[in-house]
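Student: I am new to this structure. Please pick one part, look closely at it, and tell me how you reason about what is there.

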Amino acid sequence: MWLRAAPLVVAHAGLLATFDLAARPLLLYLWLVLATGGLVWAVGGLERSARLSAASVLLVAALLRLLLVPLPPTLSDDLLRYLWDGKVAAAGLNPYELAPDSAELAPLRDADWRRLPHRHVPTVYPPLAVTVFSIAARLPWPAVALKLGLVAADLLACWLLLGLAAARGLGRWRVLWYAWNPLVTLELAGMGHVDGLGVAASVAVVAWIGGGRRRPFAAAATAAAAVLVKLVPLAALPAWSRQSGRPWLFAAATLALVVAAAAPVVVAVGGVPPGLVTYGVSWEFNGPLFEPLWRLLDGAGARGWVESRLDALKQLTGNHDLWNRFYPFNYPQLQAKLLLAPGLVAVVALAWRRRDPLASAGVLFGGLPLFSATVYPWYLLWALPWAALCRQRAWLALAAVAPLSYLPKVAGVPLWPWVWAAVWLPFLAALLLDRRWSTG
């Protein structure tokens, strides 16, 4: 087993020597090729091995992650924002109300504050995530402390996936596609993305409802935790409720916990947190359907067509004030989001129809990015546990090329069209040929 894992370990140790990945993009992508090749070689050699124990899977997974913990978060600055939001909360102030450039937060500013992304936007992260950030902010070496916590959560996810594989009679080697995946180790241990905590909670939910004996109360608690780390699992609640065996109890318990945690935030800001509104309306990056769609709408003159319809409605109704409110929202990016929204609803419905929690999670977390306007590389982590167990080759291949979307940041290469095409076109083609989400 160690012989098969050796290339992966060596590749990760070499990436640690590279250190500042944004300053050395060629070395980053060389590592990606070597590490992906190492993963394919390892899985190919261990697929039929009887010596692959759960302990060895977890031991290598831990080693790969620990090797990348010292990396600075130069590919993404989310970790800096996490720690800033945690610092604000630890100081007894409200990160949902006060953006980093607020005058009230001037005493907290330091060298990292200058590097923060979107300093005019209050936090977009749910309460449990902010609580974790505030704990890390109080500890020595906060960035390392937070990364180690995320690594621990991710290793728990790997352990739960091994349990799910055993309960379904699947080979342990399938879990390697997640546990030893270079994208997972890079984004969680290297860049420190909090998605790892939400993914672990989501895997725990499926383990509680689909790994043998159902435990709806435990599943509801972990589902609430997943939502309170990132809002993505909200879309999974209908399917999880149905699959729990006690849908009304599961839904009521989950929503009660979420509401109890979110209510103080809603009351404090007087509604939906403004940072979340800004994210929903303004954030856009590398959506597989969104990127070409909004450009198509722009080229087809959709803005002018909608404006002429609004003008006609004003003349017809005589109510100019009502229809004038819609003009600021008449732009192709928002039009594309609205056109893709039914696709998101369809994904939720398809996941709800699937009775197998593993396949359902794959349909949901794999389908949501297809209709999303924003798809950063670490967003794909939500789909990878299920792609691993279900052997979804299109998604596993996408994980290998997703870091190409860092090229606009590290090399100044425009996202459209070549980076977008390199990431998404092979995946979309493979998706048409791939089989349905199934553990068979």
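**Cysteines, then a lysine in a loop**

Tutor: Let's begin with Cys158, which is buried, with a relative accessible area of 0%. Please keep in mind that this is a predicted model. Cys390 is buried as well, at a relative accessible area of 1%. You might wonder about a link between these two. A disulfide is a covalent bond between the sulfur atoms of two cysteines. To count here, the two sulfurs must lie within 2.5 Å. The cysteine sulfur closest to that of Cys158 belongs to Cys390, and because it is 16 Å away, it is too far for a bond. Looking from the other side, the sulfur of Cys390 has its closest cysteine sulfur in Cys158, again 16 Å away and too far for a bond. The count of disulfides is zero.

Now let's move to Lys230. You will find Lys230 in the loop that runs between helix H10 (216-229) and helix H11 (237-243). Its relative accessibility is 12%, so Lys230 counts as buried, since the cut-off is under 20%. What does Lys230 touch, leaving out residues up to four places away in sequence? The contacts are Tyr125, Pro126, Val194, Asp195, Trp378, Tyr379 and Trp382. One of these, Asp195, makes a polar contact through its side chain with the side chain of Lys230, at 3.1 Å. You can also trace Lys230 to Val124: they sit 106 residues apart along the chain, yet their C-alpha atoms are separated by 9.1 Å.

Technical notes: Residues are numbered from 1 along each chain as its sequence is written. This is a predicted model: local features need pLDDT of at least 70, side-chain atom pairs count only at pLDDT 80 or more; totals for chains, interfaces and linings use all residues. Side-chain values use heavy atoms; hydrogens and water are left out. Buried means under 20% relative accessible area, exposed over 50%, partly exposed in between (1.4 Å probe, protein chains only). Helices (H or I, at least four residues) and strands (E, at least two) are DSSP runs, numbered from the N terminus. Contact means heavy atoms within 4.5 Å. A polar contact is a pair of N or O atoms within 3.5 Å; within protein, one must be able to donate a hydrogen and the other to accept it, and residues adjacent in sequence count only if both atoms are side-chain atoms.
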